[in-house]
Amino acid sequence: MNKLAPSGLNLTSLYQLTATRLKLTLREPEAIFWIFVFPILLAIGLGIAFRNRPADVLPVGATTPQLVQALAADKGLRATEMDEAAGTRALATGSILLLAIDEGHGVAYRYDDTNPDARTARMIADRAIQVAAGRHDAVAAQNQLVHETGSRYIDFLVPGLLGMNLMGSAMWGLGFAIVDARAKKLLKRMVASPMPRWQYLAAYLLSRMVMLAIEVVVLLGFARVVFGVPFRGPLVELGVICVLSSLTFSALGLLVASRARTIEAVSGLMNATMMPMWIMSGVFFSPSRFPAFLQPFVQALPLTAAINAMRGNMLQGTHLGQMMTPLAILLVWFLAPFAVAVKIFRWR
Amino acid sequence: MPIAGAGEASLRIRGLHKAFGEVRAVDGIDLEVKPGECFGLLGPNGAGKTTTIEICEGLTAPDAGTVELLGRNWKEHERDLRQLIGIQLQETQFPDKLTVEEALRLFRSFYRRGIPLDEAIGLAQLEEKRLSRVGTLSGGQKQRLAMATALVGDPELLFLDEPTTGLDPQARRHLWDLVDRLKLAGRTIILTTHYMDEAEQLCDRVAIMDHGHVIALGTPKELIAMVGGEDIVEFAVAFPATHIQESARAALDVEALKAIPGVQSHRVEEALHQLSVSELHTAVPRIFAAIEEQGLHLSEFRTHSATLEDVFVRLTGRNLRDE
């Protein structure tokens, strides 16, 4: 009745461990929400908040019909006729940015020069009135407008969200599952069986790769279809960057979880590890805004490197060969924590 | 097994020591377990049972001493040994969201040879729960699943650490039946327990442990014979109203009781006197007579067959359960 398995390296157990890991992840509804739904909600929310609107039409007031007519000739202004008292009130409540007052021999502009929109209104209004009065441009000029995809905020944001999501799902995914298994004495039971220990850890990385493929396709597919985010670099290379980033964050998750005995302890460590990167790695704004003395630190963070590489690929079409610095940073952040984690890992 | 000098012992422990800081959890233990035997380590919590069994399982390194399983040792033959033994640990929680079948398939995949899943599920009588998630199982069913994960590799040596702790009486019976069937199938089993009835029921031989030492070793029958009698008489005395005098209070003459033929020993705890007695039928009338003679009344009187509990009490002066 005994079945004899072929001798040599047994990969059935690696397959079973990986499959088990995937089943357990997919049976956790909260995990599904944070991994798949949350980044999309974030992209929608931020995409709406920072969408590029057509240039604003600036509301202005004027005291005579002639002035209103002159101002209305410019498409950048919406002019209303009102007397000086009403205009002053409208200025105070912000319903107009500028009031043009006919003073007989000339015109006076009443506006707040600390408000950039009001200064713009002053320039447009003056130009419109001067043109109406017969001024001609000394130099012929024409406008070439740029509303290209790839330079919008959403284009900047999507690679940042992708990096943040890969970091979160890899670290939480590994950290919680490992510490949970340790707290429930399951780790101890596993090492009491003939299971090769490396396969247990490898199964986490493999199942992460499967989840990664789904996560990346869902988030980027959504960004492409809904926002038309560009992919200027080769998709294969983007895939390589995602895999390397996810391995890096998995190794960090492994390290953070290598000793902790309780979920509370590992949660604290996770947040302490990820917090600096959420803030400084350029998910929502460029990390170049941090002062120069912080830059070496900011640039050495794995999430900064991951996001830089993703933006390089997606927005600028940069090839892997031209992004050796971020790739090397990621590789170091993968190998060093992994080696330490395996060495200090607490199996019971 | 071609290991010279291994003899036929399935497990051999020599001079085992293990301390955790100041606490000497295992303090010089020698044991041998024969093939096909069901061997029990019985003792209160903290006696060193789990430390001993975990050293045998290769999960804890001893400070001193040697452990030989199936003619092999952990240092040189860990890979082989993991394939050859089955282990059920105290308080393992399998993932709630895995089904019984999935958990067993996972563990089965670790072994080069073993029994088919159906057989393991059948052994543990979990057929109806095969597709249920672990989180929905009762305590007894979870424990039988743990047992099944220990059996999927068709082990030559099976370690069970407190297999019935925390289970209700019916679930314990159920688990005992399972162990009985494994014994009938000729498996070598080493188990720990702090239930004397469990050791008595299941084990061919028992080592009673206390404070890191083995204080008694033998078949349950041999151990019980150590008490000196097959039966235990327990009684309490009251004083008749007419005799309420301080002098009478101290007057239960223990020596007179111990002089009765068949009474082996006496001990008193919280006003309850215990005599270990052989030949109960002739001793009991004489005990009655002796108490009567001393002008005392019985307020309680009962007898039971001696158990391993009595052996432990006799050896340590404490109850197994008093922890």
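**Entry 1: the sheet of β2, β1 and β4 in chain B**

I began with B:Ala19 and looked for its bridge partner in β2(B), which turned out to be B:Arg24. I noted at once that I am reading a predicted model, and I kept that in mind for every entry that follows. The pair belongs to a longer ladder, for strand β1 (residues 11-20) of chain B is joined to β2(B) by 8 bridges, and the two run antiparallel. Following the ladder outwards, I found an open sheet of 3 strands in chain B with the order β2-β1-β4 and antiparallel pairing. I then looked up its edges, which are β2 (23-33) and β4 (64-69) of chain B, each pairing on one side only. Direction ignored, neighbouring strands of this sheet are turned by 20° against each other on average. I also checked what lies across these strands, and found helix α1 (residues 49-56) of chain B lying across β1, β2 and β4 of chain B and running at about 125° to β1(B).

**Entry 2: the sheet of four strands in chain B**

Next I went to another part of chain B, where an open sheet of 4 strands has the order β12-β13-β11-β14, again with antiparallel pairing. Its edge strands are β12 (263-269) and β14 (297-305) of chain B, and each of them pairs on one side only. From one strand to the next the twist averages 20°. I looked at one pairing in detail: strand β11 (residues 231-238) and strand β13 (residues 272-277) of chain B pair in the antiparallel sense over 5 bridges, and B:Phe235 stands opposite B:His273 in β13(B). Helix α11 (residues 280-293) of chain B packs on this sheet, where it touches β11, β12, β13 and β14 of chain B, and its direction makes about 15° with that of β11(B).

**Entry 3: domains of the two chains**

I looked up the domain assignment to place these elements. Chain B is divided into domain 1 (11-219) and domain 2 (228-305), and the C-alpha centres of these two domains of chain B lie 43 Å apart. For chain A, the assignment gives domain 1 as two stretches (12-50 + 149-344) and domain 2 as 58-132; here the C-alpha centres of domain 1 and domain 2 of chain A lie 53 Å apart.

**Entry 4: strands of chain A**

In chain A I followed strand β2 (residues 58-62), which pairs with strand β4 (residues 98-102) of chain A in the parallel sense over 3 bridges, with A:Val60 opposite A:Leu98 in β4(A). Strand β4(A) is also joined by 5 bridges to strand β5 (residues 107-111) of chain A, and these two run antiparallel. A:Leu98 stands opposite A:Tyr111 in β5(A). The hairpin of β4(A) and β5(A) has 4 residues between the strands, and in it A:Gly104 takes a positive phi near 80°.

**Entry 5: two helix pairs of chain A**

I then asked how helix α6 (residues 153-183) and helix α8 (residues 197-227) of chain A lie, and found that their axes come within 10 Å and cross at roughly 155°. Angles over 145 degrees count as roughly antiparallel, and α6(A) and α8(A) are therefore roughly antiparallel to each other. Their crossing is right-handed. The contact includes A:Leu161, A:Leu162 and A:Gly173 of α6(A) and A:Met211, A:Glu215 and A:Phe227 of α8(A), and its residues divide into 15 nonpolar, 3 polar and 2 charged.

The second pair is helix α9 (residues 235-256) and helix α13 (residues 324-344) of chain A, whose axes come within 8 Å and cross at roughly 30°. This makes α9(A) and α13(A) roughly parallel to each other, and their crossing is left-handed. Among the residues that meet are A:Leu244, A:Thr248 and A:Leu255 in α9(A) and A:Trp333, A:Phe334 and A:Pro337 in α13(A). I noted that the residues of this contact divide into 14 nonpolar, 2 polar and no charged.

**Entry 6: where chain B touches chain A**

Last, I looked up the contact between the chains, in which 26 residues of chain B are in contact with 23 residues of chain A. On the side of chain B, the elements that give two or more residues are α2 (74-84), α3 (100-108) and β6 (113-114). Which element gives the largest share of that side? It is α3(B), with 4 residues. The residues of the side of chain B that touches chain A divide into 12 nonpolar, 5 polar and 9 charged.

Terms used:
Residues are numbered from 1 along each chain as its sequence is written. Chains are lettered from A and ligands numbered from 1 in the order in which they are written. This is a predicted model: local features need pLDDT of at least 70, side-chain atom pairs count only at pLDDT 80 or more; totals for chains, interfaces and linings use all residues. Two strands pair if DSSP finds at least two bridges between them. Axes are lines fitted to C-alpha atoms, for helices over the stretch in contact, and angles run from 0 to 180 degrees between N-to-C directions. Two residues are in contact if their C-beta atoms, placed from the backbone, lie within 7 Å. Domain bounds come from an automatic or database domain assignment. Ala, Val, Leu, Ile, Met, Phe, Trp, Tyr, Cys and Pro count as nonpolar, Asp, Glu, Lys and Arg as charged, and the others, Gly among them, as polar. Angles under 35 degrees count as roughly parallel, over 145 as roughly antiparallel, 65 to 115 as roughly perpendicular and the rest as oblique. A crossing is left-handed if the near helix is turned anticlockwise from the far one by less than a right angle, and right-handed if clockwise.
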